[in-house]
Amino acid sequence: MPAIAFVPHVAMQHRETYSDVELHFQEMVPSDLHAALEDGRLDAAISFSETATLGIHSLVLLREPLIAALPANHPQVQSEHFRLESLCDDPFITVPRQSAPMLYDSILHQCLKAGFSPQIGLEASVQQTVMNFVARGVGVALIPASMENAQLRGVVYRRLENPNMVENMLMWSTKNKNPALPGFVNLCRSIRDKLDAAQSGRIND
């Protein structure tokens with residue numbers, strides 16, 4: 001299951017399992033999450049993998065490849081054999097490094113593997129905003145594969161050769177005393193394990 005569908009799936013399972021516990025969701029940029037976890041504004045967060053922080057536990061929920069997102073009228077949309085280096089002269093829309101350093105570095109490294117350094121045309125802290133700029137023809141982007149499920153009009157997706165993988169993590173503070181938190185963590189772990197088992201079954205088939 002892609003990351004974009006993981007949160008609503010957890011919400012539905014949590015409601016069925018812990019009907020007496022309310023979940024409240026808030027969208028934040030990754031760079032703000034650690035502080036919000038440490039000061040108790042958030043009990044848990046799901047985000048792209050970041051560098052380890054003292055006092056923050058983490059659990060890998062899933063790993064997904066980077067893919068290319070192109071405006072629908074981009075010349076490479078018609079190419080039968082897409083190669084990332086064909087975008088070397090295009091402006092890239094990406095997250096600011098200070099907002100999501102490991103995702104930014106993964107995108108940069110993917111371009112360097114293809115033999116070029118990307119021209120950063122615009123930065124946006126939220127993935128959906130990155131996608132909206134691509135749809136408007138402002139530039140191209142490398143995004144986590146789960147964003148393809150947003151099915152945004154005006155955007156065409158292309159698989160990459162030897163793509164970098166990005167991790168989606170569940171994070172929570174070691175100081176958090178919310179009695180409902182362990183159940184939430186265990187539920188996320190259980191869903192992850194079931195998805196991993198289902199994926200392994202499809203591969204073996």
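How many residues of domain 1 are in contact with how many residues of domain 2? I looked this up first in the predicted model. I count 15 residues of domain 1 in contact with 20 residues of domain 2.

**Entry: domains**

I noted the bounds next. Domain 1 is made of two segments, 3-62 + 166-202, and domain 2 covers 63-165. I then took the centres of the two domains over C-alpha atoms. They are separated by 26 Å.

**Entry: largest pocket**

Where does the largest pocket lie relative to domain 1 and domain 2? Both domains give residues to its lining, so the pocket lies between them. I get about 1200 Å³ of space in it. The lining has 42 residues. Nearest the centre I find Val7, Phe25, Gln26, Glu27 and Ile46.

Which elements give two or more residues to the lining of this pocket? I list α1 (3-17), β1 (45-48), α4 (127-135), β7 (165-173) and α5 (181-204). The largest share comes from α1, with 6 residues. I also sorted the lining by class. It has 27 nonpolar, 10 polar and 5 charged residues.

**Entry: largest nonpolar core**

I moved on to the largest nonpolar core. It has 21 residues. Those with the most contacts inside it are Leu70, Leu87, Phe92, Leu103, Leu142 and Leu160. Two or more residues of this core come from each of β2 (56-71) and α3 (101-113). The most come from α3, which gives 4.

I picked Leu70 for a closer look. What does Leu70 touch, not counting residues up to four places away in sequence? I find Gln76, Val77, Phe82, Leu87, Val134, Val140, Gly154, Val155, Val156 and Arg158. Leu87 is thus a contact of Leu70, and both are on the list of core residues with the most contacts.

**Entry: Leu122 and Val138**

Leu122 sits in strand β4 (residues 119-123). Is Leu122 buried or partly exposed? Its relative accessible area is 31%, so I enter Leu122 as partly exposed. Buried would need under 20%.

I checked the contacts of Leu122, leaving aside neighbours within four places in sequence. They are Phe92, Ile93, Thr94, Phe133 and Val138. One of these, Phe92, is also on my list for the core. I also took a distance to Pro91, 31 residues away along the chain. The C-alpha atoms of Leu122 and Pro91 are 7.7 Å apart.

I followed the contact with Val138. Val138 is in the loop between α4 and β5 (141-144). Val138 is at 38% relative accessibility, so it too counts as partly exposed. With residues up to four places away in sequence set aside, Val138 touches Pro91, Ile93, Leu122 and Phe133. Ile93 and Phe133 are on the contact lists of both Leu122 and Val138. I also took Val138 to Ser190, 52 residues apart in sequence. C-alpha to C-alpha, that gives 41 Å.

**Entry: positive phi**

Most residues other than glycine have a negative phi. I wrote down two with a positive value.

Gln151 has a phi of about 50 degrees. Where is Gln151 placed? I find it in the loop between β5 and β6 (155-158). Gln151 counts as exposed, at 68% relative accessibility.

Asn162 has a phi near 55 degrees. Asn162 is in the loop between β6 and β7. Is Asn162 buried or exposed? Its relative accessible area is 56%, so I enter Asn162 as exposed.

How values were computed: Residues numbered from 1 in each chain as written. Predicted model: local features only at pLDDT ≥ 70, side-chain atom pairs only at ≥ 80, totals over all residues. Heavy atoms only, no water. 1 Å grid on protein atoms, 1.4 Å probe; cavity = no way out; pocket = protein on both sides within 12 Å on 5 of 7 lines; lining within 4 Å. Points joined across faces, edges and corners; volume = space filled by probe spheres on them. Nonpolar A, V, L, I, M, F, W, Y, C, P; charged D, E, K, R; others polar. Domains from an automatic or database assignment. Core = buried A, V, L, I, M, F, W, Y, C linked by side-chain atoms within 4.5 Å. Buried < 20%, exposed > 50% of the residue type's maximum accessible area, 1.4 Å probe, protein only. Contact = heavy atoms within 4.5 Å.
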